[in-house]
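The following exercises are to be worked with the sequence and the coordinates at hand. Each task is followed by a solution in steps.

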Amino acid sequence: MNIPASDPKSVTGKPLAIDETVDVLVIGGGAAGLEAAIGAAAQGLSVLLVDENPVSFRTMGDDVPLHFGQGMAANARNRTAMMEAFVASEPRIEEAFEAGVDVRLGAACWGLYANGPALGWMPGLVAGLADEDRSLLVQAQHVILACGRRDMGLGFPGWEKPGVMGATAALTLATRYGAFGPRQVVVLGSSTEALTTALALRAAGVTIAAIVEQASETVGDVALLAGLREGGTEILTRHVVREAAGRDGVEAALLAKLDENGKPAGEERALACDGIVLAVGTTPVVDLIDAAGCKVAFQPERGGYAPVLDASQRTSVANVYAVGDCAGIWAAKTRDRTIAEAEAARAVAALGTAATGDQAASLPVPECDISDYRLAWVRASVVEARAEFHVCQCEEVTAREILEVRPPRYLDWQNERRNDRSLAALLGEGPPNPDQVKRLTRAGMGSCQGRRCREQVAALLALGAARPLSAIPLAGYRAPTRPLSLSMMAHVPEAPEQAAHWDTWFGMHAQWVPFWEVPERYTVATNDATGPVASE
Amino acid sequence: MSEIKGASVIIVGGGVTGLSAGWWLARDGTDVLVLEKGMIGWEASGRNGGGCSHHHSPLFAEEQRLWPIMDELLGYPTEFQGERVRLASSEHQMALYGRALRNAERQGFQSEVLDVKQAKELVPLAGDTIVGGYHYRFGGHANPHRTLQGYAWAMQDHGGRILQHMTVTGFRTEGGRVTAVETDRGPIGCDSLVLAAGPQTGRLSAMLGQEVPVQSARCEMIVTEPLPLMPLGGVDGCGLYGRQTLRGNLAYGGGPHEWLAMAEEGTPAKPTTPLMLHMGKRLAELLPKAAHARIIRSWAGVIENTPDGRPVIDRLASQANVVVATLSSVGFGLSPASGHAIRDLVVDGSCSFADISSFALSRFAELEPNWRELQGWQVTAATETLSA
């Protein structure tokens, strides 16, 4: 009997086609990523820095990687102009080029893979990259993640209309590209992040009609607030948007005051605007971090779910670091880029050294309880909405359908025998799990990959279970963290030995022997495992 | 800590096999309790291709009888859709895939051989990459997660209970019978026990003196954005299995697996790998008119296999009131029938509707102790982690 050293149908001995190998891969070309790349290059290391921006107009239209909300001006269609504007708005990109960093813009990282307890196939740290035309695999000795931030979505009737967008997307369009469509906007939220965004938009020529805050007091820096008020911005506390009105896009925000129970009451008022900027919750981009298996935890002082880091910005996965906004967001850091740059410098100094076990320094106390604050927004805007709307725009799922865990509408499941299968029925002994609710309702399963709804779904589950946001597990992220076409996959060749042994399933002969031919005893020695097998 | 009320039958494992068995027992009026270490259906049961066409199995006839009526029986939607198409990209594949036709025909189920023109008519997303295919007038596919929840809810409708986040630490035995399951929340008494704990079935059965030999592995799948619905969603071939969901997404898997050491407790990590690229390339070959479609998700599952890849559904010789069940990596589609078989073994002592002697544990009586090494099912992940 000829016994193979390893199961030929397994991954063992099937090499991955690695296109390039570098010392350091930096993902994200903002303040922290650039500092990390330039610093690592100065140490004589080979450095590849990728940044997916500028993404194509179509990708922006899909609300990837940010909630652009169709708020792009016409010039965003001009990729060359967008590229020039992107480089011109960040002088250190040029500096990185000159420092010998291999800078690739318009190149997204869609996957990061590291060996762990349930994976031993990787030759080391492997990243999947893609530009418009091809995808490739890069192996790196060290990976520094500098993936930035994004915004929690917040729904209300009409929030799918062009002009409703996240603060980070608005800021990027206005200050990096000069391609921001709306001329007069309402900003939801009054944290320092929100106020900073409003002031930056104003500096870019946008009129800030109002700051709308559901809480009874504003949250952020009073000096920033005063600056906005002096410029003619209305500050409306205890208010929510009841509807984004308009035919083809936002033409007005219908606002209402909240009563002492947090319910919208009284007369509505239309405030003319062509944009509504969602700035109620800025959160670290942890998609690659989570998909790679790095430990992630709800950390209010870091802006929500963020990687667990040591004093040198190390994640729980060896040789993987997180710096800049993806490592944590707080007001002082947003206003002073040297804090993010210092994180990058710490990571670079730690490259190739053993972890010391030093814990990260304690961070400033957040200006409000972000769990209470975000839940209050979702309660006032989504739960108390006067009409049903799609919290998950891609799959068209409403808040009620999420809380009642309804089968998706395409099933037309009218004859359900029981109607009391609400969230409570799923709870069992644990907190509600957004991944479970996602699979049953489809909320978050669309082509925006949950970017617009995942924080809202988590908030709805927290409200439904009367638990804080921190009790709701993070809905898992998996590659590809950017949508990737099948035709792009062909560029990474398969190892010939993998192709030769490819089978639909485990490729075990004995598994598919029809039951009328199965021998009474099974031993490896008497099993005939020769010849071709095509699992069913 | 308040004592947990015992049950006539305790089922360890809230996967598709355990929940189907629980539903079959509960609808019979049996007092049944399912214990799950994490969340129900969180492992392989909720992470598979949803196929329902297992013509090699003694449970095939019952599988085929039940699927078309499962929505009605459960009272919850499974998204079952009948029939399947299998396309071949080479004459070699065409010959290999012919086995299904012969197996099914012997059991009274019909199929048709498709030429390229017929195949392309039946499968609008197919192209000139194929040489032909088969149209199986049996089988089909369903939505794993929804079906699983359907079993759980239907079982509860009949009075069955589920306890999640429970760790089983051992068993109490007396006179060759299990009398209670020991858990992290105290002992729970039972008259009969079913072990249907997937990869953990080996470890738990070993505690009762008769180990079901299994080894775990990780497999992966990909999902695209929705595409217009094809007349038949159950289309696979070219080395892939999968389906177009009723929403329109293409969900497919296939290719190499990685053997894993099993963590004794907790939920195992389920990382995906760049194998996604190779599955994607093959999916574009199977359905070239979908090549523009974008992958929006991938996932992995941890699955157990017995040495011959065939199920074990049997009563333990060491403990008379214990039934062990593993479907050995092919459990979802067979679940309506496997639950029925387990119910029969627990209540009547033997399967009423099929000869399941080929699922007997005794077939491994002469199995080599080092069968994992002999079959090359080595684990690399743990050592890689240490050296990283």
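**Exercise 1. The contact between the chains**

Establish how many residues each chain gives to the contact, and describe the side of chain A that touches chain B.

Solution. The model is a predicted one.

Step 1. Chain A brings 80 residues to the contact, and chain B brings 89 residues.

Step 2. On the side of chain A that touches chain B, at least two residues come from each of strand E4 (108-113), strand E5 (125-130), strand E6 (135-145), helix H14 (434-441) and strand E22 (484-485) of chain A. H14(A) gives the largest share, three residues.

Step 3. Sorted by class, this side of chain A holds 42 nonpolar, 23 polar and 15 charged residues.

Step 4. Strand pairing also crosses between the chains: E22(A) is joined by two bridges to strand E15 (residues 294-305) of chain B, and the two run antiparallel. Within this pairing, Ser485(A) has Arg294(B) in E15(B) as its bridge partner.

**Exercise 2. The overall form of each chain**

Determine, for chain A and then for chain B, how the radius of gyration stands against the globule rule.

Solution.

Step 1. Chain A contains 16 helices and 22 strands. Its radius of gyration is 25 Å, close to the 24 Å that the globule rule gives for 536 residues, so chain A is as compact as a globular protein of that length. The C-alpha trace of chain A spans about 85 × 70 × 45 Å along its principal axes.

Step 2. In chain A, 55% of the 536 residues count as buried. Of the contacts in chain A with a separation of 6 or more, 70% are between residues 24 or more positions apart.

Step 3. Chain B contains 11 helices and 17 strands. For its 388 residues the globule rule gives 21 Å, and the radius of gyration of chain B is 21 Å, so chain B is as compact as a globular protein of that length. Along the principal axes, the C-alpha atoms of chain B fill a box of roughly 65 × 55 × 40 Å.

Step 4. In chain B, 62% of the 388 residues count as buried. Residues 24 or more positions apart make up 73% of the contacts in chain B with a separation of 6 or more.

**Exercise 3. Strands that pair with E6(A)**

Which strands are joined to E6(A) by bridges, and do they run parallel or antiparallel to it?

Solution.

Step 1. Strand E1 (residues 20-27) of chain A is joined to E6(A) by seven bridges, and the two run parallel. Here Thr21(A) has Gln139(A) as its bridge partner.

Step 2. E5(A) is joined to E6(A) by six bridges, and these two run antiparallel. A hairpin of four residues links E5(A) to E6(A), and Leu129(A) stands opposite Leu136(A).

Step 3. Strand E19 (residues 320-322) of chain A is joined to E6(A) by three bridges in a parallel arrangement. In this pair, Tyr321(A) is the bridge partner of Ile144(A).

**Exercise 4. A sheet of three strands**

Give the strand order of the open sheet that includes E13(A), and identify its edge strands.

Solution.

Step 1. The order is E12-E13-E14 in chain A, with antiparallel pairing.

Step 2. Strand E12 (239-245) and strand E14 (264-272) of chain A are the edge strands, as each pairs on one side only. From one strand to the next, the twist averages 25°.

Step 3. Strand E13 (residues 252-258) of chain A and E14(A) share six bridges and run antiparallel; Leu258(A) stands opposite Pro264(A).

**Exercise 5. Two helices in contact**

Describe how helix H11 (residues 370-383) of chain A meets helix H15 (residues 454-465) of chain A.

Solution.

Step 1. The two axes come within 9 Å and cross at roughly 90°, which means that H11(A) is roughly perpendicular to H15(A).

Step 2. The residues in contact divide into eight nonpolar, one polar and two charged. From H11(A) they include Leu375(A) and Val378(A), and from H15(A) they include Ala459(A) and Leu463(A).

**Exercise 6. One residue of chain B**

Is Ala325(B) buried or exposed?

Solution.

Step 1. Ala325(B) lies in strand E17 (residues 322-326) of chain B.

Step 2. Within 10 Å there are 29 other C-beta atoms, so Ala325(B) is buried, the cut-off being 20 or more.

Step 3. Beyond four places in sequence, the contacts of Ala325(B) include Thr17(B), Val194(B), Val312(B) and Ile342(B).

Note on methods: Residues are numbered from 1 along each chain as its sequence is written. Chains are lettered from A and ligands numbered from 1 in the order in which they are written. This is a predicted model: local features need pLDDT of at least 70, side-chain atom pairs count only at pLDDT 80 or more; totals for chains, interfaces and linings use all residues. The radius of gyration is taken over C-alpha atoms; the globule rule is 2.2 Å times the number of residues to the power 0.38. A residue is buried if 20 or more other C-beta atoms lie within 10 Å of its own, exposed if 12 or fewer, and partly exposed in between; C-beta atoms are placed from the backbone. Two residues are in contact if their C-beta atoms, placed from the backbone, lie within 7 Å. Axes are lines fitted to C-alpha atoms, for helices over the stretch in contact, and angles run from 0 to 180 degrees between N-to-C directions. Angles under 35 degrees count as roughly parallel, over 145 as roughly antiparallel, 65 to 115 as roughly perpendicular and the rest as oblique. Ala, Val, Leu, Ile, Met, Phe, Trp, Tyr, Cys and Pro count as nonpolar, Asp, Glu, Lys and Arg as charged, and the others, Gly among them, as polar. Two strands pair if DSSP finds at least two bridges between them.
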